[in-house]
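Q: I would like a close look at one small part of this structure, and then at how the rest is arranged around it. Could you take me through it step by step?

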Amino acid sequence: MTQTDLPATVRAPRRRSRWNATDLGLIAVFAALVAGSALIAAIPVGGLGVPITLQTLAVMLTGLALGPGRAFAAVGLYLLLGFAGLPIFSGGRSGLGVLAGPSAGYIVGFLLAATAVGWLTAVVLRRTAHRTGKLRAVLLFAAAMASSIVFIHGLGILGMMVNAKLDFSKAFLADLVFYPGDIIKNVLAVSFALALHKAFPDLLLRRVRTADARP
C-alpha cells in the first residue's frame, strides 16, 4: 500500500520549506531598512558616543511586521554585514570593534528585541483575531515597549557598564535620555505595522491564522 492509498487523516503531512523567495526578499529589505535607519538623523548625546537614531524604530517595525523568525534573520543579516566590514552601524562604523564600544549592548539588544517583539506580535495577533477596537494596538505597543526595555535598554546599560566602566546608576541615567524618543518610535512602529498587516495580510496575519488552523 502506498501513501496515496492511505486515508487523508493518516497521510504524512507534506513538508513545507520554512521560507520562500518572498520571505528571503522581505528579510533583505528589512535588513536594508535597519541599516539605512542607522545612518539617518544620528544625533549624538552625552559624551559616550551613543547617538539617537531611527534604528530602534526600524528594529521594532521589523519584529512587528515579520514575526520572530524572519525578524531574527533580518536583524542578524544586518549585524553580520556590519561585523564583516560594511559601514552600516551608527556613524558609519563597521567591524567587530564596535563590540568594544559603549553602544555594544544596544547593537546586540537589537537582535533579541526584534525577535522578542516578533514572537509577542504573533501572540497578540492570535489573541485578538476576533476582536475590534484599539486593543490590538495597545497590546502591540506594550509588547514593543517591553521588548525594548528588557533587551535594548537592559543590554545597553550593561554595555556601558562593561565597556565604558560606568557604575549602574550612571549607566542607567545615561540610558534614560533614549526613552522619550523610543516611546515615540514605538508608537510609530506599531502604527506602521498595523497598516502593513491591514494592507498585506499575507505578511504575518494569515500566517498566524494558518498556523492555528493546523492540526
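Which side chain is joined to that of threonine 128 by a polar contact, and at what distance?

A: The partner is arginine 136: the two side chains are joined by a polar contact of 2.8 Å. Please keep in mind as we go that this is a predicted model.

Let's start with where threonine 128 sits. You will find threonine 128 in the loop between α4 and α5. The relative accessible area of threonine 128 is 2%, and the cut-off for buried is under 20%, so this loop residue counts as buried. If we set aside residues up to four places away in sequence, threonine 128 touches Leu135, Arg136 and Leu139. Arginine 136 therefore appears twice in this little scene, as a residue that threonine 128 touches and as its partner in the polar contact.

Now step back to see the whole chain. Its secondary structure comes to eight helices and zero strands, so if you follow the chain from the N terminus, you meet one α element after another. Of the 215 residues in the chain, 41% are buried. Among contacts with a separation of 6 or more, 69% are between residues 24 or more positions apart.

One example of residues far apart in sequence involves α4, the helix before our loop. Alanine 104 is in α4, and alanine 104 and leucine 155 are 51 residues apart in sequence, yet their C-alpha atoms are 8.3 Å apart in space. Alanine 104 counts as buried too, at 7% relative accessibility. Leaving out residues up to four places away in sequence, alanine 104 touches Val98, Leu99 and Asn163.

What about the other end of α5? Lysine 165 lies in the loop between α5 and α6, and here the picture is the opposite of threonine 128. Lysine 165 has a relative accessible area of 68%, and over 50% counts as exposed, so lysine 165 is exposed. Its backbone also deserves a glance: phi of lysine 165 is near 60 degrees, a positive value in a residue other than glycine.

Next comes α2, a helix of 12 residues. From its first C-alpha to its last, α2 reaches 16 Å, close to the 16 Å expected at 1.5 Å a residue. Because 12 of its 12 residues are buried, α2 is largely enclosed by the rest of the structure. What covers them? The cover of the buried residues of α2 includes α1, α3, α4, α5 and α7. Both helices that flank our threonine loop, α4 and α5, are thus in that list. After α2 comes glycine 67, with a positive phi near 85 degrees.

From α7, which is part of that cover, let's pick out lysine 185. Lysine 185 is buried, with a relative accessible area of 9%. Its side chain is joined to that of aspartate 182 by a polar contact of 3.3 Å. Apart from neighbours within four places in sequence, lysine 185 is in contact with Ile52, Thr53, Leu54, Thr56 and Leu57.

Thr53 leads us to an empty space inside the model. The structure holds one cavity of 30 Å³ or more, with a volume of about 220 Å³. It is lined by 18 residues, and Val50, Pro51, Thr53, Tyr106 and Phe110 lie nearest its centre. By class, nine residues of the lining are nonpolar, six are polar and three are charged. The helices α2, α4, α5 and α7 each supply at least two residues of this lining. With three residues, α4 gives the most.

Finally, look at α1, another helix that covers α2. With 17 residues at 1.5 Å each, α1 should span 24 Å, and its end C-alpha atoms are 24 Å apart, which agrees. Buried residues in α1 include Leu26, Ile27, Phe30, Ala31 and Val34. An α-helix has 3.6 residues a turn, so residues three or four places apart point the same way. At the start of α1, a side-chain oxygen of asparagine 20 reaches to within 3.0 Å of the backbone nitrogen of threonine 22.

To return to where we began: threonine 128 is a buried residue in the loop between α4 and α5, and its side chain is joined to that of arginine 136.

Key. Residues numbered from 1 in each chain as written. Predicted model: local features only at pLDDT ≥ 70, side-chain atom pairs only at ≥ 80, totals over all residues. Heavy atoms only, no water. Helix = DSSP H or I, 4+ residues; strand = E, 2+ residues; numbered from the N terminus. Expected span 1.5 Å × (residues − 1). Buried < 20%, exposed > 50% of the residue type's maximum accessible area, 1.4 Å probe, protein only. Polar contact = N/O pair within 3.5 Å; in protein donor to acceptor, adjacent residues only side chain to side chain. 1 Å grid on protein atoms, 1.4 Å probe; cavity = no way out; pocket = protein on both sides within 12 Å on 5 of 7 lines; lining within 4 Å. Points joined across faces, edges and corners; volume = space filled by probe spheres on them. Nonpolar A, V, L, I, M, F, W, Y, C, P; charged D, E, K, R; others polar. Contact = heavy atoms within 4.5 Å.
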